[in-house]
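User: Please take a close look at a single part of this model, the surroundings of one loop, and set it in the context of the whole chain. I would like one connected account, with the terms explained as they come up.

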Amino acid sequence: MDFIFQTWSWYVSGFLLGMIMLSLVYFGKTFGMSSNLRSLCSMAGLGKRVGFFNFDWKSQRWNLVVVLGAMLGGFVAVHFMADPSNVDINPKTIAQLAQMGIEAPNGKLMPDALFGSQIFESPKHIFILIIGGVLIGFGSRYAGGCTSGHAISGLSNLQLPSLKAVIGFFIGGLIMAHFLLPLIF
């Protein structure tokens, strides 16, 4: 059981992701999380008002099960399998966070100052969450998919648009981490 509770090596996780992608290709499916928002909106009846949501969402039920599995797996991992002793964050990252007034995560992957429940007490943080959510939603629709869809599914199918999108995601992440995050905090 210790194997399950420890951080998995990249080659184990990568191999498992590769096997999942091969099975999806075999069954003619494509993986992505942002497409589930379209399915949920279609289920809610928005297809009657907006043509983009007017499609057969039942053909995407399998992907909704993936979302539920990811949510359930995340819950189980955080509440029953979390081991703070194997979280090792680079000391330079901790120093950079401290310069912005953000305490070290102390055995967590994400600091509470950015991802804890207290962020809902600050209008500034709520505004940042709303703007960030809108930008991510717009970006994933504009790019034709989210990071998981392009980086995992699109690249494994050797799609050039996915390569361009992933390069854009990485550039955007670097700009955010090195230039915008210090300005915000």
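Analyst: In what follows, a residue is buried when its relative accessible area is under 20%, exposed when it is over 50%, and partly exposed in between (1.4 Å probe, protein chains only). This is a predicted model, in which local features need a pLDDT of at least 70 and side-chain atom pairs count only at pLDDT 80 or more, while totals for chains, interfaces and linings use all residues. Residues are numbered from 1 along each chain as its sequence is written, and side-chain values use heavy atoms, with hydrogens and water left out.

The protein chain averages a pLDDT (the predictor's confidence in each residue, from 0 to 100) of 85, and 97% of the residues score at least 70. Among its elements, helix α1 (residues 2-5) has the lowest mean pLDDT, 72, and helix α9 (residues 160-184) has the highest, 90. Where pLDDT is low, the predicted coordinates should not be read in detail.

The protein chain has nine helices and zero strands, these being DSSP runs numbered from the N terminus (H or I and at least four residues for a helix, E and at least two for a strand). Its C-alpha trace spans about 50 × 45 × 35 Å along the principal axes, and buried residues make up 18% of its 185 residues. Of the contacts (heavy atoms within 4.5 Å) between residues at least 6 apart in sequence, 48% join residues at least 24 apart.

The part to examine is the loop between α2 (10-26) and α3 (35-43), where Ser34 is found. Before that loop comes α2, whose 17 residues reach 24 Å from first C-alpha to last, close to the expected 24 Å; the expected span is 1.5 Å times one less than the number of residues. Gly28 follows α2 and has a positive phi, near 75 degrees.

Ser34 itself counts as buried because its relative accessibility is 18%. Its side chain reaches the backbone nitrogen of Cys146 at 3.3 Å. Such a polar contact is a pair of N or O atoms within 3.5 Å, where within protein one atom must be able to donate a hydrogen and the other to accept it, and residues adjacent in sequence count only if both atoms are side-chain atoms. Leaving out residues up to four places away in sequence, Ser34 touches Ser140, Arg141 and Gly145 as well as Cys146.

Those partners lead to helix α7 (residues 123-142), which has 20 residues and reaches 28 Å from its first C-alpha to its last, close to the 28 Å expected. Just after α7, Gly144 takes a positive phi of about 80 degrees. Further along, Ser148 has its place in helix α8 (residues 147-156) and, at 16% relative accessibility, counts as buried. With residues up to four places away again set aside, Ser148 touches Ser153 and also Phe31, Gly32 and Met33.

Helix α4 (residues 61-80) supplies further neighbours, beginning with Asn63, which counts as buried because its relative accessibility is 1%. Apart from neighbours within four places in sequence, Asn63 is in contact with Thr30, Gly32, Ser35 and Asn36. Asn63 and Ser39 lie 24 residues apart along the chain, and their C-alpha atoms are separated by 9.2 Å. Trp62, also in helix α4, has 22% relative accessibility and therefore counts as partly exposed. Beyond four places in sequence, Trp62 touches Leu24, Lys29, Thr30 and Phe31. Between Trp62 and Lys29 there are 9.4 Å from C-alpha to C-alpha, although the two are 33 residues apart in sequence.

For wider context, a search of the whole structure finds five aromatic pairs. One of them joins Trp10 and Tyr11, whose ring centres are 5.6 Å apart and whose planes stand at 85 degrees, so the pair is edge-to-face. Rings of Phe, Tyr and Trp (its six-membered ring) pair if their centres lie within 6.5 Å, and planes under 30 degrees apart count as stacked, over 60 as edge-to-face and the rest as tilted. Both Trp10 and Tyr11 are exposed. Phe52 and Phe53 form an edge-to-face pair with 5.3 Å from centre to centre and 70 degrees between the planes; here Phe52, at 35% relative accessibility, counts as partly exposed, whereas Phe53, at 17%, counts as buried.
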